[in-house]
Structures are given as C-alpha cells and as structure tokens.
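User: I would like to learn how to read a few features of a protein model, beginning with the way helices pack. Could you take me through them one at a time?

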Amino acid sequence: MLRLCPALCLLLLASPALADSVADFYRGKTINVLVGVNVGGGYDFEARLLARFMRAHIPGNPVLVPQNMIGAGGIKMANFLYSIAPQDGTALGMFPNTLVTAQAVGTEGVQYDANKFSWLGSITTSPVTLAVWHAAGVQSIEDARKREVVVAASNKGAITYTFPRMLNEFLGTKLKIVSGYQGNSTMVIAMERGEVDSVTNSWDSWKSLNPAWLAEKKINLLVQTEPKSKELNIPSVQELARNDDDRKVIQLIISGDALGKPMATAPNVPAERVKALRDAFEATVRDPEFIKAAAAARIDVNPIAGVQLQDTVQKVLATPKHLAERAKSIIAE
C-alpha cells in the first residue's frame with residue numbers, strides 16, 4: 001500500500017485551501033494596472049490587452065483596470081507602486097524596461113528597489129530601433145554621422161532619450177535630441193508633421209501601431225538592438241561598437257531589452273497571490289483568444305516567465321560599479 005509522508009499530505013491538503021483563499025480574496029475586487037507611459041504606445045496597448053484577457057485566469061475573476069501614470073520616464077509609476085500602492089496583489093505595473101537600469105546606475109529620483117517587485121511575465125521581447133522619416137533623406141547610421149538628425153524624446157531616463165544619446169556617444173551620430181514629448185504617440189505625430197526627423201521605438205510597436213508606414217516605406221530604420229529581429233536587415237548597436245569596453249556599457253544601457261515590456265506586482269504581496277498572478281499571466285499568453293487578438297494587432301507572442309524576469313533583474317542590479325558609472329553619464333546626466 002502506498003504511504004504518503006506527513007509533509008506531502010499537508011501540502012496536498014493545503015493547496016486547495018490556498019487556491020480557495022486566493023479566489024476568496026480577489027472575488028469582487030478591482031486590480032489597478034498602472035502603465036508608466038502615456039496612452040497610445042506599445043506599452044499601453046499591451047497592458048490593456050493583458051488586462052482584457054487576464055481576468056478570466058485569476059481566481060475570483062477580479063476586474064483589471066489600466067491606469068496611465070506618466071512622469072520621469074516611468075519612474076513616477078514605479079515609485080508609486082513601490083511605496084504607496086496597496087501591497088496585497090491589487091496593484092500591478094507595466095514597466096518601461098529602462099527602469100531596472102535606471103536603478104543600477106543611480107538615476108536621480110529612483111526610490112524603488114526592482115528586486116523587491118514580484119515580476120509576473122512579459123509578452124515578448126523586441127529590439128529597440130531608431131526610425132527616420134523618409135523625407136529627411138537619411139538612409140543609414142553613416143548618414144546620421146554626417147548630418148544632424150532631430151530626434152523626439154520624452155525625458156531623461158526614458159529609452160527615447162537614452163537611446164539617441166547613446167548612439168551619439170558610441171557611434172558618433174549627430175542626433176539632436178528634443179525632449180518633453182508625452183509618450184510615443186505624440187512623438188510619432190510630431191515626426192509625421194515634420195517637427196522632428198526621428199523617433200526611437202521598439203520593432204513590435206512599429207509593426208502593431210504603424211504597419212502602413214512600413215509597407216509604404218515612410219520610415220527608414222537605421223539600427224536595432226540585440227537579440228536582433230530576423231525581419232530586419234540592419235546592424236545592431238553592439239555590432240557597431242568601437243571596442244569591447246564600449247560594447248559592455250551599451251549592453252548595460254539597453255539591458256532592459258531582455259525584459260520586453262514587463263509586468264510586476266507591488267512588493268510584499270503574499271506568495272500564494274504572486275503564484276496565482278504568475279499562473280494567470282502564463283495562462284493568458286497561452287489562451288487561443290489572446291493569441292488571436294495579439295496576432296490581429298501584429299504582436300508576436302514569445303513570452304518570458306516571471307521567474308526569468310526576476311533573475312534578469314537581479315543580474316542587472318549586480319552590474320560592476322565602474323560600468324554603471326560610465327552608463328550613468330549617458331542615462332542620467
């Protein structure tokens with residue numbers, strides 16, 4: 001006769017009770033999904049897509065309500081989630097993936113510890129690209145080294161500011177950064193109107209939000225980050241680095257690429273709720289209806305698990321100080 005050890009018996013008895021307690025907690029509740037960027041960009045779209053489908057996979061079926069909280073390239077949202085939002089599993093955040101690097105280099109205003117968030121998952125990763133409007137007559141990075149290109153950006157710490165500044169520093173481009181735009185949607189409009197020549201955005205965002213521009217060759221993509229997209233026949237920033245030291249600093253600055261567009265909970269959420277939310281995220285990205293909706297929006301679904309994100313965050317925050325100091329001169333000064 002099979003005998004079960006007492007510890008296993010307790011675990012088997014406890015698991016349904018834990019599941020019931022999570023469902024009891026979430027039943028009738030609302031989960032606020034904070035989005036650290038403005039309405040209309042790729043982050044905002046993916047957060048709303050997740051919120052739409054994830055409810056069905058969380059025990060108790062709470063309502064998920066996206067709320068945009070912009071400021072300081074997402075730092076305002078991360079600070080709020082870290083110290084003000086409820087720490088019970090009713091507050092989630094869709095993070096600009098630059099925020100972990102911002103902490104690693106000591107960016108002013110960072111009051112959160114990314115290691116203490118519980119990371120739930122990311123729909124996919126996508127390289128960051130620099131796009132130039134066709135009328136500017138700039139076809140390559142070499143062209144951008146020879147003439148001034150006006151680039152739209154939000155604020156220091158945001159990838160739209162950091163990326164072109166990094167290209168100037170390490171690749172010798174002549175990108176003139178005009179900051180103060182509120183979100184990628186306003187930057188894209190500014191480029192179309194001729195206010196600026198160029199915008200930084202992820203490849204998946206161009207595909208999902210501006211597919212006609214790609215088909216009509218309205219924009220020229222000059223460079224991408226690694227891992228490279230097989231759909232793009234353009235060089236990576238890492239390939240163009242002048243030496244190995246520069247390449248290491250570049251890798252730190254764009255380390256957020258390995259996070260995709262990550263979602264996390266506030267700190268100190270009970271472990272059983274974190275597990276339920278991670279399970280719900282993974283069930284959502286496998287949901288045929290979600291996959292169908294993502295495909296219709298031209299979003300690739302190649303998910304990153306929460307535990308993998310947690311490991312990446314720890315590695316980025318363990319960056320040697322001398323590399324972090326050099327990266328800080330690009331990101332935060």
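User: Which residues in helix 2 meet which residues in helix 12?

Analyst: Please keep in mind throughout that this is a predicted model. On the helix 2 side the residues are Leu 50, Phe 53 and Met 54, and they meet Leu 277, Ala 280, Phe 281 and Thr 284 in helix 12. Sorted by character, the residues of this contact divide into 6 nonpolar and 1 polar, with no charged residue among them.

User: How are helix 2 and helix 12 oriented to each other, and why is that word chosen?

Analyst: Two packed helices are described by the angle between their axes together with the distance between the axes. Here the axes of helix 2 and helix 12 come within 10 Å and cross at roughly 100°. Angles of 65 to 115 degrees count as roughly perpendicular, and helix 2 and helix 12 are therefore described as roughly perpendicular to each other.

User: Now to a single residue: is Ser 122 buried or exposed?

Analyst: Ser 122, which is found in strand 4 (residues 118-122), is buried, because its relative accessible area is 0% and buried means under 20%. Leaving aside residues up to four places away in sequence, Ser 122 touches Leu 259, Gly 260, Lys 261, Pro 262, Phe 281, Pro 303, Ile 304 and Leu 309. Phe 281 in that list is also one of the helix 12 residues that meet helix 2.

User: Which backbone atoms lie close enough to the side chain of Ser 122 to be listed as polar contacts?

Analyst: A polar atom of the Ser 122 side chain lies 2.9 Å from the backbone nitrogen of Lys 261, and the backbone oxygen of Thr 124 lies 3.4 Å from a polar atom of that side chain.

User: What should I look for in the backbone itself, for instance in the phi values of Asn 61 and Asn 268?

Analyst: One feature to look for is a positive phi in a residue other than glycine, and Asn 61 shows it with phi near 50°, as does Asn 268 with phi near 65°. Asn 61 lies in the loop between helix 2 (42-54) and strand 2 (63-68), and it counts as partly exposed at 38% relative accessibility. Asn 268 lies in the loop between strand 10 (262-265) and helix 12 (271-286), and at 62% relative accessibility Asn 268 counts as exposed, because the cut-off for exposed is over 50%.

User: Where is the cis peptide bond?

Analyst: The bond from Glu 226 to Pro 227 is cis, with omega near 0°, and Pro 227 is found in the loop between strand 9 (219-224) and helix 10 (237-240).

Technical notes: Residues numbered from 1 in each chain as written. Predicted model: local features only at pLDDT ≥ 70, side-chain atom pairs only at ≥ 80, totals over all residues. Heavy atoms only, no water. Helix = DSSP H or I, 4+ residues; strand = E, 2+ residues; numbered from the N terminus. Buried < 20%, exposed > 50% of the residue type's maximum accessible area, 1.4 Å probe, protein only. Polar contact = N/O pair within 3.5 Å; in protein donor to acceptor, adjacent residues only side chain to side chain. Contact = heavy atoms within 4.5 Å. Axes fitted to C-alpha atoms, helices over the stretch in contact; angles between N-to-C directions. Parallel < 35°, antiparallel > 145°, perpendicular 65-115°, else oblique. Nonpolar A, V, L, I, M, F, W, Y, C, P; charged D, E, K, R; others polar.
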